[in-house]
Amino acid sequence: MTDILNALVLLSNFVLIPALSYGSQLALGALGVTLIYAVLRFSNFAHGDMMALGTMATIMITWGLHAMGVSFGPLPTALLALPFGILIAMAVALVTDRAVYRFYRKQRSAPVVFVMASVGVMFMYNAITRIFIGTGDQRFADGERFVLKVNEFKELTGLDQGLAIRTSQLITVVVMVAVVAFVFWFLQKTRTGKAMRAYSDNEDLALLSGINPDRVVRITWILAAALATIAGVLYGLDKSFRPFVYFQLLLPIFASAIVGGIGQPLGAIAGGFIVAFSEVMVTYAWKGFITLIVPADMAPEGLVQLLGTDYKFAVSFIILVVVLLVRPTGIFKGRVI
Amino acid sequence: MIRVDNLNMHFGGIRAVDGASIEIAKGSITGLIGPNGAGKTTLFNVIAGHYTPTSGHVYLDGEDVTGLSPHELFHQGLLRTFQIAHEFSTLTVRENLMMVPDNQPGETLWDTWFKSGTVRAREAEVRAKADEVIEFLEISHVANELAGNLSGGQKKLLELGRTMMVDAKIVFLDEVGAGVNRTLLNTIGDAILRLNRERGYTFCMIEHDMDFIGRLCDPVIVMAEGKVLTVGKPDEVMANEAVIEAYLGRGLKNKPQRGVTA
Ligand SMILES: Nc1ncnc2c1ncn2[C@@H]1O[C@H](COP(=O)(O)OP(=O)(O)O)[C@@H](O)[C@H]1O
Ligand SMILES: [Mg+2]
């Protein structure tokens with residue numbers, strides 16, 4: 001019996017909790033990609049680097065706060081800096097839209113033109129981020145590291161296996177729930193949100209209603225920039241910040257958005273968790289878990305790890321390919337937004 | 001009210017509108033007929049700002065509005081409906097109507113959060129207006145239905161309803177009567193007449209049903225192959241040789257007949 005409990009604790013510690021928090025980060029990233037797709041009708045390849053840029057801004061402000069001797073008690077100082085990072089990201093997104101995408105909207109360019117433009121924007125953001133903060137690894141999480149420590153848990157329960165919950169993981173999940181609840185409320189209830197849905201549903205008709213298309217586009221960028229920065233900062237707090245890693249996150253984020261059905265907010269959230277759980281489960285070494293639940297003589301010798309963590313991006317890639325082959329519309333097939 | 005001056009709209013080699021000039025008088029219900037492919041819808045699309053014409057001009061109340069966006073024209077009181085009914089399928093009928101009036105305070109993030117009182121007050125106004133329109137069109141039973149689930153005829157009514165949500169100067173109706181049953185057609189006809197008389201709407205409508213046109217329209221403009229053939233009272237144009245020729249040239253099936261709605 002205790003073996004089973006120990007096994008569950010082990011699984012929670014190494015799979016459930018990390019995947020929940022990683023899934024939340026992907027979900028927020030995918031939500032931004034999906035909103036852009038739903039309203040502006042193109043896949044924004046610059047989203048990963050928008051995350052990096054917003055996070056970079058937040059880190060610089062965090063350092064500034066540190067220099068001024070400001071801290072946030074047990075919570076990471078970056079949370080104080082986050083609103084400012086978001087504002088900077090919003091400004092960058094709006095300027096980019098004005099300078100780049102608006103031109104193509106006026107021309108009524110094909111979606112693929114927007115996608116290529118976004119690749120250009122991606123390289124630009126990429127360069128800006130590296131100019132300011134370099135290419136190296138930055139750790140900027142401070143405050144209390146753990147909400148629940150391994151030793152505390154063991155003492156509390158008397159189990160052999162420990163369970164730790166990092167502050168960043170708890171913050172990630174709480175923030176994700178709050179942000180997602182807000183976005184859904186916004187889309188369902190406010191006039192602005194309904195205007196976004198209407199615009200996404202039928203652009204021709206939206207143009208012939210009181211909906212101001214420029215405003216809808218602006219608000220979409222504002223939301224996307226905020227979501228990107230929040231996702232990026234949460235990921236950075238949880239792991240660390242490195243521009244190249246954020247660029248690579250584009251793959252699991254697009255996989256998440258597409259699994260759920262691109263253009264569908266609910267699908268983006270579900271997709272984020274599907275991708276995160278798959279990735280963590282496939283790269284987890286199951287040896288310890290299996291040893292605990294099977295009789296001693298059946299314990300495996302190898303690590304029982306399907307894929308090395310170095311190859312974790314292959315998981316997103318496989319999911320992406322399978323979904324595109326089997327069910328290109330994603331699991332939440334139907335109307336966008 | 002509207003003057004279209006020597007308008008050309010070419011798509012590659014296709015001259016969809018080929019040097020058309022028309023005039024729509026204030027307060028009139030002007031009909032626009034012609035065989036399929038005559039360029040009627042394209043003309044509407046140019047007037048309503050969907051296409052920038054190859055050449056020519058559109059004037060609204062004497063002002064050159066050529067090349068303005070649909071949104072800007074809407075703002076000036078120029079509304080149109082679509083040949084294939086458009087709706088926001090994921091919003092309810094009432095929400096569809098409430099979407100129409102522009103510059104509602106709830107549209108900016110700032111107002112949504114910091115002036116929620118104003119936003120709510122205006123929203124209540126717009127809602128009352130929407131309910132009035134719903135009443136007028138006798139579609140109360142589907143007010144909370146998602147617009148995507150409506151029947152074709154009901155969608156046409158909703159299209160008409162949209163134009164009633166604001167004070168329009170001129171409304172372009174693209175085959176509102178097509179594919180609609182007799183009873184509903186009469187409702188639509190009554191609504192158009194009432195809007196014209198009580199609220200001073202000017203209409204320009206594309207139709208194929210000559211009964212419907214005869215009842216509502218004066219004058220009627222006839223288009224064929226991108227050009228204006230003739231303008232006159234419904235009976236006059238129906239008796240016009242050139243008009244009969246244009247329809248016959250296209251085969252009998254497109255000949256306007258009494259009692260045919262499509
Ligand atoms: N966007 C477009 N691209 C190319 N050809 C078009 C386009 N829109 C209309 N046409 C062509 O213009 C001609 C007139 O079409 P339309 O205005 O829809 O006629 P009507 O409404 O009178 O039936 C048709 O030959 C049609 O194929
Ligand atoms: Mg037509």
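These are my notebook entries on what I looked up in this predicted model.

**Entry: salt bridges**

I began with charged pairs, and my count over all chains came to 17 salt bridges. I then went through some of them one by one.

Glu87(B) and Lys155(B) join in a salt bridge, at 3.7 Å from N to O. I checked where the two sit: Glu87(B) is in the loop between strand S6 (78–80) and helix H3 (93–98) of chain B, and Lys155(B) is in helix H6 (residues 152–163) of chain B, so the pair ties together parts 68 residues apart in sequence. I also looked up their accessibility, and both Glu87(B) and Lys155(B) are buried.

Next I took Arg94(B) and Asp131(B), a salt bridge whose closest N and O atoms are 2.7 Å apart. Arg94(B) belongs to helix H3 of chain B and Asp131(B) to helix H5 (residues 116–136) of chain B, so this pair ties together parts 37 residues apart in sequence. Buried or exposed? I asked that of Arg94(B). Arg94(B) has a relative accessible area of 16%, and the limit for buried is under 20%, so Arg94(B) is buried. Its partner Asp131(B) comes out at 29%, so I put it down as partly exposed.

The pair Arg122(B) and Glu125(B) also forms a salt bridge, with 3.1 Å between the closest N and O atoms. These two are three residues apart in helix H5 of chain B, so about one helical turn separates them. Arg122(B) is partly exposed, at 25% relative accessible area. Over in chain A, I noted a network: Arg166(A), Asp238(A) and Lys239(A) are joined by salt bridges that share partners.

**Entry: Ser168(A)**

I looked up Ser168(A), which lies in helix H6 (residues 167–189) of chain A. Its relative accessibility is 9%, so Ser168(A) counts as buried. Which residues does Ser168(A) contact, leaving aside neighbours within four places in sequence? I got Leu237(A) and Asp238(A). I had already met Asp238(A) in the salt-bridge network.

**Entry: nonpolar cores**

I moved on to the largest nonpolar core, which has 92 residues. Among the residues with the most contacts inside it are Leu28(A), Trp221(A), Ile211(A) and, from the other chain, Phe88(B). Which helix gives the most to this core? It is helix H9 (residues 213–238) of chain A, with 17 residues.

I picked Ile211(A) for a closer look. Not counting residues up to four places away in sequence, Ile211(A) touches Ala195(A), Ala198(A), Ala206(A) and Val216(A) in chain A, plus His71(B), Phe88(B) and Met99(B) in chain B. There is also a second, separate core of 49 residues, including Val100(B), Val180(B), Leu195(B) and Cys217(B).

**Entry: two helices of chain A**

Helix H1 (residues 2–40) of chain A has 39 residues. I get 54 Å from its first C-alpha to its last, close to the 57 Å expected at 1.5 Å a residue. I looked for bends and found a kink of about 45° in H1(A), centred on Ser12(A). Arg41(A) follows H1(A) and has a positive phi, near 65°.

Helix H2 (residues 47–67) of chain A has 21 residues and spans 30 Å from first to last C-alpha, close to the expected 30 Å. I noted H2(A) as mostly covered, with 15 of its 21 residues buried. Gly69(A) follows H2(A), again with a positive phi, near 80°.

**Entry: magnesium**

What coordinates the magnesium ion (ligand 2)? I found OG1 of Thr41(B) and OE1 of Gln83(B), at 2.0 to 2.2 Å. Thr41(B) is in helix H1 (residues 40–47) of chain B and Gln83(B) in the loop between S6 and H3 of chain B, 42 residues apart, and the pair links distant parts of the chain. Thr41(B) is partly exposed at 26% relative accessibility, and Gln83(B) is partly exposed too, at 33%.

**Entry: backbone oddments**

I checked omega and found a cis peptide bond between Asp218(B) and Pro219(B), at about 0°. Pro219(B) sits in the loop between helix H8 (210–216) and strand S9 (220–224) of chain B.

I then looked up positive phi values. Val304(A) is not a glycine, yet its phi is about 50°. Val304(A) lies in the loop between helix H13 (287–293) and helix H14 (312–326) of chain A, and is partly exposed at 35%. Glu225(B), also a residue other than glycine, has a positive phi near 50°. I placed Glu225(B) in the loop between S9 and strand S10 (227–232) of chain B. Its relative accessible area is 57%, so Glu225(B) is exposed.

Methods: Residues numbered from 1 in each chain as written. Chains lettered and ligands numbered in written order. Predicted model: local features only at pLDDT ≥ 70, side-chain atom pairs only at ≥ 80, totals over all residues. Heavy atoms only, no water. Salt bridge = Lys/Arg side-chain N within 4 Å of Asp/Glu carboxyl O. Helix = DSSP H or I, 4+ residues; strand = E, 2+ residues; numbered from the N terminus. Buried < 20%, exposed > 50% of the residue type's maximum accessible area, 1.4 Å probe, protein only. Core = buried A, V, L, I, M, F, W, Y, C linked by side-chain atoms within 4.5 Å. Contact = heavy atoms within 4.5 Å. Expected span 1.5 Å × (residues − 1). Bend = angle between axes of the 7 residues up to and from the residue. Donors = N, O, S within 2.8 Å, 3.2 Å for Na, K, Ca; no water.
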